[in-house]
Amino acid sequence: MAERLWEVPPTAGLPMSWRDFLPRGGSLELGLAAYLHQPEVQIECSGTAALVVALTTLKQLSPRRSVVIPAYTCPLVALAVAYCGLTPVLCDTRPDHFDLCPDSLAAVCNADTLAVLITHLGGRVAELEVTAGIVRGRGAYVIEDAAQSLGATWQGRPVGGFGDIGFYSLGVGKGLTIFGGGVLVAGQDELRRQLRATSAGIAPFSTRWELRRMLELAGYLGLYRPSGMGLAFGMSLRRRLKKGQLIEAVGDDCSANIPLHRVGAWRKAIGARALQRLPDFLEQTARQAEARKIRLAAIPGVTLMRDAPGGTGTWPFFMMLMPSQAARDHVLASLWQAGLGVGRLFIHALPDYPYLSALFQTAEVPNARDFAARMFIITNSPWLRNQDFERICSVLEEVVVPDSVESKYNLPA
Ligand SMILES: Cc1ncc(COP(=O)(O)O)c(C=O)c1O
């Protein structure tokens with residue numbers, strides 16, 4: 001029974017300590033402001049809530065009403081845009097990538113574009129220079145979605161600080177978590193004042209939500225370890241996979257009903273204590289990633305996603321691109337249910353979620369679809385033992401050995 005419950009988390013999240021829950025934890029705002037090189041930061045109840053606050057604010061500053069988002073990203077992003085009464089417009093990704101395609105971006109940005117989201121996905125640093133140049137040339141705001149990339153830098157400065165507004169998630173499964181949380185930053189004083197005013201107007205304190213999140217955080221303290229992950233995560237994953245419920249299996253079954261509430265002082269203080277351990281933890285996972293990146297890169301036919309030039313990302317997991325969907329599915333058939341932190345990020349390109357399709361005018365996003373079909377992730381949790389990482393690499397090698405599977409999976413010889 002113990003062996004069946006043993007499970008590696010799908011991402012390298014910072015484990016909590018019971019000491020984090022002691023009183024007098026310090027200020028999360030001040031700690032994060034120093035860490036992110038910002039004059040101040042604003043804490044919201046989720047990354048999605050941070051985006052809602054950002055968009056609600058920008059909507060008051062401009063008559064423009066559409067928001068360009070990458071066609072491969074978290075479904076909550078599209079729901080947040082719609083929640084604000086704005087129109088989400090899809091930008092296709094570059095071939096073999098999650099990043100915005102410059103040609104597609106130039107084509108979809110117009111005089112109605114209020115903002116464009118540049119997304120640093122899975123710790124990987126997105127291209128910022130060309131992309132932000134196109135956005136600013138159209139008079140739109142740049143929002144950096146660093147939900148999955150707290151701690152990543154570009155040209156030595158934290159990502160999230162290059163756009164007009166940036167946000168990070170402190171949700172469960174992220175590096176630093178308070179179970180549900182978001183961090184909002186903006187370079188300009190006046191914009192920061194407006195963001196604070198918006199938040200005060202739309203996110204009241206809720207005892208019910210705060211109690212719920214505190215209980216969930218205590219559960220995370222108890223179960224975020226290999227002996228608890230089977231119970232907290234693996235059992236429900238396997239149940240859903242057996243039923244073919246892929247969207248539910250990865251938590252992509254998002255609700256349009258976005259909670260907006262304050263984060264309580266105790267939970268912030270817990271986050272402030274945990275934050276003190278984050279830089280060392282990110283360094284530890286980056287060191288582990290160094291060796292494993294070399295091993296993964298040596299496997300022919302598979303592509304490891306890397307940072308844009310100038311970027312130094314974090315390594316919660318490795319994003320891998322296989323030569324074909326069949327090859328990717330072969331890997332997942334062997335490993336998704338094995339409890340080794342192999343799985344998928346977002347199941348579909350955004351227009352392919354049944355509950356989102358009505359939001360978009362076009363579903364013409366071939367590159368994002370292709371990326372969704374061929375990508376999978378391998379955890380970079382420190383709990384993934386070398387022998388288990390090797391087992392994963394062997395499966396990849398098996399899939400890309402031309403003799404055995406070339407004809408079956410249409411792999412290049
Ligand atoms: C790229 C991206 N943007 C936004 C969000 C929303 O963040 P949250 O889950 O904290 O609401 C997520 C969540 O995982 C995400 O991955």
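Okay, let's start where the two halves of the story meet: 32 residues of domain 1 are in contact with 33 residues of domain 2. Keep in mind that what you have in front of you is a predicted model.

So who does the touching on the domain 1 side? Three elements, α4 (75-83), β3 (87-91) and β6, each put in at least two residues. The largest share, 3 residues, comes from α4. And if you sort that side of domain 1 by class, you get 16 nonpolar, 11 polar and 5 charged residues.

Where do the domains begin and end? The domain assignment gives 18-202 for domain 1 and 278-409 for domain 2. Their centres, taken over C-alpha atoms, are 24 Å apart.

Now hold on to α4, please, since we meet this helix again at the ligand. Together with α3 (47-61), α4 is an element that supplies at least two residues of the shell around the ligand. How many residues surround the ligand? There are 15, and the closest are Ser46, Gly47, Thr48, Cys74 and Ser169. By class, that shell has 9 polar, 5 nonpolar and 1 charged residues.

Next, β6, which we also met at the domain contact. Find residues 153-154 and you have this strand, which pairs with β7 in the antiparallel sense over 2 bridges. One detail to look for on your screen: Thr153 sits opposite Pro158 in β7. A quick reminder for anyone new to sheets: strands pair through backbone hydrogen bonds, and they can do that either parallel or antiparallel. Here we have an open sheet of 3 strands, in the order β7-β6-β11, and the pairing is antiparallel. Why do β7 (157-158) and β11 (311-312) each have one side without a neighbour in the sheet? Because they stand at the edges, each with a single partner strand.

Okay, let's zoom out to the whole chain. We have 16 helices and 14 strands. The radius of gyration is 21 Å, close to the 22 Å that the globule rule gives for 413 residues, so the chain is as compact as a globular protein of that length. If you lay the C-alpha trace along its principal axes, the span is about 60 × 50 × 40 Å.

How much of the chain is buried? Of the 413 residues, 49% are buried. And one last number, about contacts with a separation of 6 or more: 75% of them come from residues 24 or more positions apart.

That's my tour, thanks for listening!

Note on methods. Residues numbered from 1 in each chain as written. Predicted model: local features only at pLDDT ≥ 70, side-chain atom pairs only at ≥ 80, totals over all residues. Pairing = 2+ DSSP bridges. Helix = DSSP H or I, 4+ residues; strand = E, 2+ residues; numbered from the N terminus. Domains from an automatic or database assignment. Contact = placed C-beta atoms within 7 Å. Nonpolar A, V, L, I, M, F, W, Y, C, P; charged D, E, K, R; others polar. Rg over C-alpha atoms; globule rule 2.2 N^0.38 Å. Buried ≥ 20, exposed ≤ 12 C-beta atoms within 10 Å, placed from the backbone. Near = placed C-beta within 6 Å.
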